Amino acid sequence: MRRLVRACYTGASGYSYAKKAGDVAREHGFDRVALLASNENPRPPSPAAIEAATAALRETNRYPDERASALVEALRRYHGDYRFVAGAGMDGVIETVIRTIVEPGETVAASTPTFSFYGIAAAAHGAQVVNVPRRDDFSVDPAAFVEASRGAKLAFLCTPNNPTGNSVPLEDVETILEEMDGLLFLDNAYVDFADIDYRPLMRRYENLVIGRTMSKIFALAGLRVGYAFVPTWLEPFYQRAATPFALNAVSAAAAAGALADTDQVRGTLDHVREWRRRFLEEVPFRVYSSDANFVMIDVEPHTGDEVTERLAAEGVIVRSCTSFPGLGNHYIRVCIGEDWENIRFLEAITKI
Ligand SMILES: *Cc1c(COP(=O)(O)O)cnc(C)c1O
């Protein structure tokens, strides 16, 4: 048979997934494994989310509301009067925004090193991807970003950034919005863990989309719910470009339930802040300060892959950062887990 699969999927390496807990447990003889690779909330979802999802399950003979109106209402209660679109994870929203804005062959820019899916999704759509390197300390140079993304219809900026953990100051985002000629997708997957609020920018700029996810602080990674603040002009076109019924009814209901449970969020935030501080103090390598629920650690003279393997042998799964383009091979990313997971990690990394 002739080759049918597109070159962008046969050549490139694609999205990297974390090791599986079951494999590590079996290989190294652990009953339970510390899961610190995927920046999830280690706690179960809010009971309000589970209850809403269970009720929605009873009506799944019907297609969901294509606009997820009940979730959008819950988002307006939570955030205020903004325009929202929702999708199957922020990843789904990113893909749809690309499809709405970018013609194949056009340029998409991203500030790197960063989350790999922007480049993967843009390339799969036939776009040219321009990576705009951050400075050596991983801060963003706004003028360089504007310059390099000139001509791009869409540019991605992640803040707090995955995997480096730092945020872009509000005034730098404003400079970029003032000067760039395309649409800026500001990825705020981790903003709930930071002391910075980019939402007011939506009132002043027509060229801004802010992406959010229910997978991190809201503890719903398994249900795949993401959403975005969008300018009014974009919404109808986004809806046209979206996969029909992309967000399922159970996930949408759970997300609305979770948004109503602010106690759960506050509890997670206190826990993350406390452990972030301890990781900074107690890890015997250079730990980058972070506004997210993870930290990046420079494990030189070891490589990220070596340390990830050695930690797996101690029953701890972390993420080696070698697959992040533009980053050296000597970093790992570790998220905040439950107390026992964090303690096991600290003990294991101290032995290295
Ligand atoms: C986790 C993550 C997302 C995607 O989250 P979904 O689970 O698809 O909602 C988006 N951006 C960044 C930077 C992330 O780390």
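Helices, of at least four residues, and strands, of at least two, are taken here as DSSP runs and are numbered from the N terminus. In this predicted model, that numbering places Pro 301 in the loop between strand S10 (294-298) and helix H12 (304-313). The peptide bond that joins Glu 300 and Pro 301 is cis, with an omega of about 10°.

A cis peptide bond also joins Asn 162 and Pro 163, and for this bond omega is about 15°. Pro 163 is likewise a loop residue, with its place between strand S5 (154-158) and helix H8 (170-179). The backbone of Phe 138 is notable for its phi, which is near 70° and therefore positive in a residue other than glycine. Phe 138 has its place in the loop between strand S4 (128-133) and helix H7 (142-148). As a general background to these features, most peptide bonds are trans, and most residues other than glycine have a negative phi.

The ligand sits in the largest pocket, where 14 residues surround it, the closest being Met 90, Asp 187, Tyr 190, Thr 213 and Lys 216. By residue class, this shell around the ligand divides into six nonpolar, four polar and four charged residues. Helix H5 (residues 89-101) contributes three residues, which is the largest share of the shell.

Polar atoms of the protein approach the ligand from both the backbone and the side chains. A polar side-chain atom of Asp 187, which is also listed among the closest residues, lies 2.5 Å from a nitrogen atom of the ligand. An oxygen atom of the ligand is found 2.6 Å from an N or O atom in the side chain of Ser 215, while for Asp 91 a backbone N or O atom lies 3.1 Å from an oxygen atom of the ligand. Of the 390 Å² of accessible area that the ligand has on its own, the protein covers 94%.

At the level of annotation, an unreviewed UniProt entry assigns residues 34-349 to a feature given as "domain: Aminotransferase class I/classII large". In the model, the span of residues 34-349 is 38% helix and 18% strand, and its end C-alpha atoms lie 13 Å apart.

How values were computed: Residues numbered from 1 in each chain as written. Predicted model: local features only at pLDDT ≥ 70, side-chain atom pairs only at ≥ 80, totals over all residues. Heavy atoms only, no water. Near = heavy atom within 4 Å. Polar contact = N/O pair within 3.5 Å; in protein donor to acceptor, adjacent residues only side chain to side chain. Areas by Shrake-Rupley, 256 points an atom, 1.4 Å probe, with all protein chains shown as cover. 1 Å grid on protein atoms, 1.4 Å probe; cavity = no way out; pocket = protein on both sides within 12 Å on 5 of 7 lines; lining within 4 Å. Sits in = over half its atoms within 2 Å of the grid points. Nonpolar A, V, L, I, M, F, W, Y, C, P; charged D, E, K, R; others polar. UniProt positions renumbered as here; feature names shortened; annotations may be inferred.
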